[in-house]
Amino acid sequence: MGKVALITGCSSGFGLLAAVEMARAGFDVAATMRNLEKRALLDAAAKEAGVGLDVRRLDVTEFDSLPGFLQQLVRDRGSLDVLVNNAGMAVSGFAEDMLLAEIRRQFETNFFGHVAMTKAALPIMRKQRSGHIIMISSISGLVAQPAISSYSSSKHALEGWSEALRLETHSLGIRVVLVEPGAYATDIWEKNVVLGERVNTPESPNYERIQRFVQFVQKEVPKRDPHEVAQLIVRIAQDPNPRLRYIAGTDAHMGYWTKRFLPWKMWEKMIARYTKIG
Ligand SMILES: NC(=O)c1ccc[n+]([C@@H]2O[C@H](COP(=O)([O-])OP(=O)(O)OC[C@H]3O[C@@H](n4cnc5c(N)ncnc54)[C@H](OP(=O)(O)O)[C@@H]3O)[C@@H](O)[C@H]2O)c1
């Protein structure tokens with residue numbers, strides 16, 4: 001058997017594609033999703049690729065169940081060599097309109113979900129003295145964007161936590177890696193879009209601006225082929241000494257370097273004009 005990889009959020013997008021690509025590369029893949037009724041697409045993709053997957057139900061916000069889930073996986077499959085923390089969602093809306101409960105929900109999945117999965121995996125990997133923990137962060141974890149302050153801050157928190165964790169665990173043989181994609185064509189932009197409850201109502205003082213922003217995101221932001229990220233995840237999982245960070249996509253590289261080198265005043269003018277929120 002190949003090395004055992006567990007991926008969260010495999011009902012669509014990067015998780016689904018990475019599950020199939022990793023199985024094709026010889027990993028023994030546990031592909032997890034919170035709602036098994038959504039497994040048809042994954043099953044069809046695995047069948048087309050001629051690979052088998054161990055599909056299991058897992059909601060990363062059911063924190064108490066995660067250690068038991070991973071221990072059971074290790075009993076069944078022998079080890080846990082790669083954890084891909086991919087499950088995520090994005091709540092959009094101007095900060096002024098976001099409810100605290102919505103911001104908390106964003107953090108529960110994108111930050112605490114990854115943290116709780118990782119904490120459950122660490123004792124297993126420490127005992128093995130090996131393991132890769134791959135965090136699917138976002139370029140928004142390095143470059144904050146307007147109208148997604150909740151999402152950007154959840155990914156910034158993940159960046160900081162993971163950077164510190166990398167330093168703590170490297171000498172134990174554990175490799176913590178952050179993947180920071182730009183815009184890729186997955187369900188996060190369309191079917192799984194979440195707008196804050198007060199965001200898209202005429203009562204919001206930002207109503208006009210959010211309309212313009214949503215139109216800009218849907219029509220003017222080019223989205224790349226998500227297979228690129230799935231293949232990058234495979235390469236990282238196969239590399240015994242991966243880097244801490246992998247920025248994915250030319251848009252992400254451009255955003256990162258432009259923000260780093262432009263004076264802040266020019267950057268904020270440019271973003272306001274580009275995203276049409278000014
Ligand atoms: N696509 C992009 O442009 C982009 C860019 C940067 C970063 N990312 C990151 O990439 C990751 C994957 O997103 P995607 O683009 O592939 O979007 P996606 O197609 O919407 O996939 C998100 C996946 O996460 C799952 N999920 C959400 N909450 C969960 C929970 N509590 N427990 C378990 N699974 C849960 C979803 O399951 P359900 O089907 O049940 O909702 C779905 O399988 C996310 O962390 C996202 O922030 C995406």
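# Notebook: a walk through a predicted model

**Entry 1, Tyr-207.** I opened with Tyr-207, which sits in helix H6, residues 207-220. Before going further I noted for myself that this is a predicted model. Is Tyr-207 buried or exposed? I looked up its relative accessible area and found 25%. Buried would need under 20% and exposed over 50%, so Tyr-207 is partly exposed. Next I asked which residues Tyr-207 touches, leaving aside those up to four places away in sequence. I found Val-199, Asn-200, Thr-201 and Pro-202. I also checked its distance to Ala-30: the two are 177 residues apart in sequence, and their C-alpha atoms lie 43 Å apart in space.

**Entry 2, the whole protein.** I stepped back to see the overall build. How many helices and strands does the protein have? I counted nine helices and nine strands. The C-alpha trace spans about 55 × 40 × 35 Å along its principal axes. I then looked at the radius of gyration, which is 19 Å. A compact globule of 278 residues would have a value near 19 Å, so the protein agrees with that expectation.

I wanted to know how the chain folds back on itself. I took the contacts between residues at least 6 apart in sequence, and 72% of them join residues at least 24 apart. As for burial, 52% of the 278 residues are buried. The accessible surface comes to about 13600 Å², and carbon and sulfur atoms account for 54% of it. I looked up the charges too: there are 35 positive and 30 negative ones, and their mean positions are 5 Å apart.

**Entry 3, the cores.** Nonpolar side chains tend to be buried together in soluble globular proteins. With that in mind I went looking for cores. The largest nonpolar core has 36 residues, and Met-22, Val-29, Leu-42, Leu-53 and Ile-134 touch the most other members. Which helix gives the most to this core? I found that helix H1, residues 13-24, does, with eight residues. There is also a second, separate core of 31 residues, with Leu-73, Ala-116, Leu-158 and Val-176 among them.

I picked Val-29 for a closer look. Leaving out residues up to four places away in sequence, Val-29 touches Ala-5, Ile-7, Ala-19, Met-22, Ala-23, Leu-53 and Asp-54.

**Entry 4, Glu-21.** Back in helix H1, I stopped at Glu-21. Is Glu-21 buried or exposed? Its relative accessible area is 15%. The cut-off for buried is under 20%, so Glu-21 counts as buried. I looked up what it touches beyond four places in sequence, and Glu-21 meets His-227, Ala-230, Gln-231 and Val-234.

**Entry 5, Lys-3.** I turned to the start of the chain, where Lys-3 lies in the segment before strand S1 (4-7). Its relative accessible area is 51%. Exposed begins over 50%, so Lys-3 is exposed. Setting aside residues up to four places away, I found that Lys-3 touches Gly-26, Phe-27, Asp-28 and Asp-81. From Lys-3 to Ala-44 is 41 residues along the chain and 23 Å between C-alpha atoms.

**Entry 6, two positive phi angles.** I looked for residues that have a positive phi without being glycine. Arg-129 is one, with a phi of about 60 degrees. Where does Arg-129 lie? I found it in the loop between helix H4 (100-128) and strand S6 (131-136). Its relative accessibility is 53%, so Arg-129 counts as exposed.

Lys-276 also has a positive phi, of about 65 degrees, although it is not a glycine. Lys-276 lies in the segment after helix H9 (264-275). With a relative accessible area of 32%, Lys-276 is partly exposed.

**Entry 7, helix H5.** I closed with two residues of helix H5. Ser-153 is found in this helix, which covers residues 149-169. At 29% relative accessibility, Ser-153 counts as partly exposed. How far apart are the C-alpha atoms of Ser-153 and Met-22? I read off 29 Å, for two residues 131 apart along the chain.

Gly-160 is found in helix H5 as well. Its relative accessible area is 41%, so Gly-160 is partly exposed. I noted that Gly-160 and Leu-142 are 18 residues apart in sequence, with their C-alpha atoms 9.9 Å apart in space.

Note on methods
Residues are numbered from 1 along each chain as its sequence is written. This is a predicted model: local features need pLDDT of at least 70, side-chain atom pairs count only at pLDDT 80 or more; totals for chains, interfaces and linings use all residues. Side-chain values use heavy atoms; hydrogens and water are left out. A nonpolar core is a set of buried Ala, Val, Leu, Ile, Met, Phe, Trp, Tyr and Cys residues joined through side-chain atoms within 4.5 Å. Buried means under 20% relative accessible area, exposed over 50%, partly exposed in between (1.4 Å probe, protein chains only). Contact means heavy atoms within 4.5 Å. The radius of gyration is taken over C-alpha atoms; the globule rule is 2.2 Å times the number of residues to the power 0.38. Accessible areas come from the Shrake-Rupley method with a 1.4 Å probe; for residues, only the protein chains shown count as cover. Lys and Arg count as positive and Asp and Glu as negative; His and the chain ends are not counted. The place of a charge is taken as NZ of Lys, CZ of Arg, CG of Asp or CD of Glu.
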